[in-house]
Each structure stands twice: as C-alpha cells, then as structure tokens.
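User: Please take me through this model and explain the terms applied to it as we go.

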Amino acid sequence: MNHPLIIALDFSNGVEVEKFLRPFQGISLFVKVGMELYYQEGPSIINLLKEQGHQVFLDLKLHDIPNTVYRAMKGLARLNCDLVNVHAAGGWEMMESAMEGLEAGTSAGGKRPSCIAVTQLTSTSEVQMQKEQLIQATLMESVLHYASLTKTAGLDGVVCSAQEAAAIRQQIGPDFLTVCPGIRLKSDQTGDQKRVSSPEFAKEAGVSAIVVGRSITKAVDPLENYHQWIQVWGGAAK
Ligand code: C5P
C-alpha cells in the first residue's frame, strides 16, 4: 500500500457517485465504499469502480459470529476489492475466520483482499469508551490491545486514529497497516469525529493511508480540494 489518500464515497446511490467522480476522469483513485452506498447498490458499484480503474476499500466493518463472518468474507473475496474490514471487538476467532473466508473465496491465482480491523472508532472518545463499553484502560491501551489481537489473528492491519498510529508501528512493526480516518484540514468541521488529526500530523506519524470523506465530497470544487490534499499528503494520484 503506497500511502494512499482514500476518498470515502459516502453517497446514497450510484448516480451521486458518478456525478462526484466525473471531474476525476483519468485519475486513478483509491476509494472507500461504506454501508450507506453498498446497501443501496450492492456488488455492481464495486464492479463499476474497478472498471474505472480505481482501487476499492469495502468498509462494511463485519462483526458477527465466526461462521457468519467466514461465509460473508468468502463472498466478499469474489468482488475483487482491494481492502475489507471487520471490528476487532468481534474477537480473535472471528478475525481468524474472516481471513480463512477471504482465502477460501479468492480464486486460484487471484489476490486476496487485504483485511484490517477497526480498533476504536475515530468517533469514540476515551470517556465514551470507558463509560459505554466499560473498558477501564486508556484509549491508547485499548487500541494497542486490539492491534496486537488483530496481528495475532493474521490480519494485515488496523483502522485507528493517526494519534495511535506511531505507537502501533512501534509495537507491531512497519509492515502492519494503519489506516486512519478522522483527518481534517484546519478549515474543516470536525463533525461527529472525536480523535481528529491534520494530514501533516498523520504524515509525521507514518500512517499507511488516510481516509478522507466530507472534506472532499462536500467541497464546492471536490477536484480542486483533492489536489490540495494531495499537495499536503503526497502520493496517491496517478
Ligand atoms: O467525512 P469523514 O472524513 O469523517 O469520513 C470518514 C469515513 O471513514 C467515513 O466513511 C466513516 O464511516 C469511516 N470510518 C471512520 N472511523 C473508523 C472507521 C471508518 O470514520 N474507525
């Protein structure tokens, strides 16, 4: 993963996606399809994005019993996505089953999608985590714990905030992916995100990829805004 900027296509249907992507013609992007879009459009939206030459992160955050996650991942592996994910809170056995499902669903000679686990959502604060999940540890300890669990289950990395990325790299190693949402320019609104960071901070922390949604998708001129991001972040656009 070459330090991409992943654009979160948080739209309600394919028509909105096509309209958004029109100005980006000729640029190969790394995009994220989340629940909102996938639940409306299904696999056809993945096919369309792949046909257009984009890399796709299918962000469905699976969290269920191991057998269900195994079977779901076996199906998702056939969609030809580049990156998929689960919630680390689903546990070690669930994560191991997710990987087995992906392996089983990947065609002979095909490439298994990378798989990462959400540690603590970037919309969760330490106080919320302690009160609502009844976790006595600090947020950093919880994220590091989930990152280790994810590693031992054989996954490729985690979703975390940029604030935890350096500690994860130090604990687990530089090849373990840290994919970070909650990234904001100074001029952006924080919205529902709690653990936000600037792209400069994320770069300094050595994160593997940043996920940017509303800053780009809600911009008056998304293409111009994307280029601003690329200037700060580097890489990604081809
Ligand atoms: O608009 P914004 O930049 O906040 O979008 C962030 C995207 O990353 C959203 O699509 C959200 O679902 C996703 N995400 C997140 N935090 C996680 C995992 C995914 O914000 N831990």
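Analyst: Cysteine 160 makes a useful start: its sulfur lies 3.9 Å from the closest cysteine sulfur, in cysteine 180, which is too far for a bond. The model is predicted, so local features need pLDDT of at least 70 and side-chain atom pairs count only at pLDDT 80 or more, whereas totals for chains, interfaces and linings use all residues. Residues are numbered from 1 along each chain as its sequence is written, and side-chain values use heavy atoms, with hydrogens and water left out.

User: Why is the sulfur of cysteine 160 too far from that of cysteine 180 for a bond?

Analyst: A disulfide is a covalent bond between the sulfur atoms of two cysteines, and the term is applied here to a pair of cysteine sulfur atoms within 2.5 Å. Set against that limit, the 3.9 Å between the sulfurs of cysteine 160 and cysteine 180 does not qualify. A search of the whole structure finds zero disulfides. Cysteine 81 is likewise in no disulfide, the nearest cysteine sulfur, that of cysteine 115, being 11 Å away.

User: What makes cysteine 81 count as buried, and what is the relative accessible area of cysteine 160?

Analyst: Cysteine 81 has 5% relative accessibility and therefore counts as buried (under 20% relative accessible area; exposed is over 50% and partly exposed in between, with a 1.4 Å probe and protein chains only). Cysteine 160, at 1%, is also buried.

User: Why is asparagine 80 called partly exposed, and why does leucine 134 count as exposed?

Analyst: Asparagine 80 has a relative accessible area of 49%, so it falls in the partly exposed class; leucine 134 has 65% relative accessibility and therefore counts as exposed. Asparagine 80 is found in the loop between helix 4 (66-76) and strand 4 (83-87), where helices (H or I, at least four residues) and strands (E, at least two) are DSSP runs numbered from the N terminus. Its phi is near 70°, a positive value in a residue other than glycine. Leucine 134, placed in the loop between helix 6 and helix 7 (139-152), also has a positive phi, near 55°.

User: Why is helix 1 called roughly parallel to helix 3?

Analyst: Helix 1 (residues 14-21) packs against helix 3 (residues 43-51) at an angle of about 15°, with their axes 11 Å apart. That angle makes helix 1 roughly parallel to helix 3 (under 35 degrees; over 145 is roughly antiparallel, 65 to 115 roughly perpendicular and the rest oblique). The axes are lines fitted to C-alpha atoms, for helices over the stretch in contact, and angles run from 0 to 180 degrees between N-to-C directions.

User: What makes the contact between helix 4 and helix 5, and how do its residues divide by class?

Analyst: Contact means heavy atoms within 4.5 Å, and by that rule Pro66, Val69, Tyr70, Met73 and Lys74 in helix 4 meet residues of helix 5 including Glu93, Met94, Ser97 and Ala98. By class, this contact has eight nonpolar, three polar and three charged residues (Ala, Val, Leu, Ile, Met, Phe, Trp, Tyr, Cys and Pro count as nonpolar, Asp, Glu, Lys and Arg as charged, and the others, Gly among them, as polar). The axes of helix 4 and helix 5 (residues 92-105) come within 7 Å and cross at roughly 30°. That makes helix 4 roughly parallel to helix 5.
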